[in-house]
Amino acid sequence: ERRKFGPIGWCIPYEYNNSDLDASLLFIEKHLSSTILVQLPLSWSTIQYMVADVQYGGRITDDLDRELFQCYAAQWFCDEVFRQTFCFNKYPSEFSYKVPEALEIAAYRAYIETLPPVDSPLIFGLHTNADLTYRQIDAAMMLSTLMDTQPKDSSGEGKSADEIVREKAVDLADKTPPDFIEEIFRAQVQKLKGPPGTPDRGMAAPLNIFLFQELQRLQRIIKIVRNNMRALAAAIDGTVVMTPDLLDDLNSVFDARVPKKWTHDPSGAEISWIMPNIGGWFTGLIDRQVLLSTWLEGDRKAMKSYWLTGFTNSQGFLTGMRQEVTRQHQKDQWALDDVITHTEILSYDQDRIRDVPEEGQHIHGLFIEGAKWNRAEGKLEESEPKKLFVGMPAIHVTATTIGKTGKAARANEALVHDSAVYKYPKRNDRYLIFRMPLKCGEMAAWHWKLRGVALFCQTE
């Protein structure tokens, strides 16, 4: 039932069926007969493992989904389920989801008839905002279908589809940022300084290499966009052949969608960022050009905080940062294999950052779903009604060794929600950037796990 709420329900919509239920019930029945009937205690850990990791878990391919199912098993397969006060809904409600206190099948059928026709998201551990997410997904699918079926030819005195697309193509080609000449920005990168306390300069500094690679990728995208829009305008004018690919691009521009060749190469690999409309995508192109130009021309002293969303390879940025911090601790004999990312969420936005940190970097541009972040107290809180995504403050990311954080992490495991940070709201391993611990506040970590709390670089 969580599937209808989209990615906040399950990262991947699995097709659970009756055979999974039958296999789980058969195992539980055999386990009860081999323990309770012979005066032995139940092994809840065994039941939890067999149901969450073997029977149903055998279908699960995403690590976050596996953790979610294990959380359900830990909450519902325990001694608490045998108590008369046990309820599946741990919140005030007009209807209580409980196990009927009866042995006759008629009593169970009568209880089933009283179940609400529509379940609240709260029964699954989700916030009521998840229902709004479901409605949005449903509406978006309907609008997409309507867009696909609407006619492309205009009637009457208005402009034709070709004229509209040609004007848009010429406008986009003119607004495309200027090219990055590799020989020029290579020489500029060679002059950039490295991290404080190290002799590294130019291509010897990991983040400088990362900047060079990002410039190469962005230049490739700029070239694709400019050439594509010019070719589309020429095809409409009749000076070049209107190929099937250009016809697809024409339909995409007319529908205000992003042409596929802007986001994926011929093999299907993603080469840029994904947005639902062409206006948002093109704004992102200009913003990314400004980000990299500022870094290239102003050096690190101009980058008090980095817009993590603006990088095509966000994991590469974090990897380069860890490498630089490791080199800064060369005297401490830090090994890169033992270094992990460490984060500290600040209480203010990037505009109030005054200085560049000695170790690590500041990042911004993340959003939280499933909860909100209390900036003053530095903890998670319940979402406000009708606010699906809330902006996060600036975050200081640095590196530390596993030995320094291992014991503390184990001690605070129940007090911290290990949140995933994704590139897009579509949650899967492909778009997972890294994991960030968030303080739970008054609620336990499992509460936020069921809420589906996660961080994102984009909300669309």
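This report describes the internal cavities of the structure, a strand that lines one of them, and the surroundings of one histidine. The model is a predicted one, and every value below was computed from it.

**Cavities**

The count comes to three cavities of 30 Å³ or more, and the two described here are the largest cavity, with about 150 Å³ of space, and the second largest cavity, with a volume of about 80 Å³. The table sets out their volumes and the classes of the residues that line them.

| Cavity | Volume | Nonpolar lining | Polar lining | Charged lining |
|---|---|---|---|---|
| Largest | about 150 Å³ | eleven residues | four residues | five residues |
| Second largest | about 80 Å³ | three residues | five residues | three residues |

The lining of the largest cavity is made up of 20 residues, and those that lie nearest its centre are C11, L64, R427, K449 and G452. At least two lining residues come from each of helix 3 (63-76), strand 9 (416-422) and helix 14 (445-451), and strand 9 makes the greatest contribution, with five residues.

Around the second largest cavity stand I8, H127, N129, A130, T133, E369, G370, S383, K387, L388 and R451. Helix 5, which spans residues 129-149, provides the largest share of this lining, namely three residues.

**Strand 9 and its partners**

How is strand 9, which gives the most to the lining of the largest cavity, placed within the rest of the structure? Strand 9 is largely enclosed by it, because five of the seven residues of the strand are buried, where buried means under 20% relative accessible area.

Strand 9 is paired with two other strands. With strand 10 (residues 432-439) it runs antiparallel, and seven bridges join the two; in this pairing, Y422 has L432 of strand 10 as its bridge partner. With strand 11 (residues 454-456) the arrangement is parallel and rests on two bridges, and here V421 stands opposite L455 of strand 11. As a general point, side chains in a regular strand alternate between the two faces of the sheet.

**The surroundings of H264**

Which loop holds H264? H264 belongs to the loop that runs between helix 10 (260-263) and helix 11 (278-298). Its side chain makes a polar contact, at 2.8 Å, with the side chain of T263. When residues up to four places away in sequence are left out of the count, H264 touches A269, E270, I271 and I274.

Methods:
Residues numbered from 1 in each chain as written. Predicted model: local features only at pLDDT ≥ 70, side-chain atom pairs only at ≥ 80, totals over all residues. Heavy atoms only, no water. 1 Å grid on protein atoms, 1.4 Å probe; cavity = no way out; pocket = protein on both sides within 12 Å on 5 of 7 lines; lining within 4 Å. Points joined across faces, edges and corners; volume = space filled by probe spheres on them. Helix = DSSP H or I, 4+ residues; strand = E, 2+ residues; numbered from the N terminus. Nonpolar A, V, L, I, M, F, W, Y, C, P; charged D, E, K, R; others polar. Buried < 20%, exposed > 50% of the residue type's maximum accessible area, 1.4 Å probe, protein only. Pairing = 2+ DSSP bridges. Polar contact = N/O pair within 3.5 Å; in protein donor to acceptor, adjacent residues only side chain to side chain. Contact = heavy atoms within 4.5 Å.
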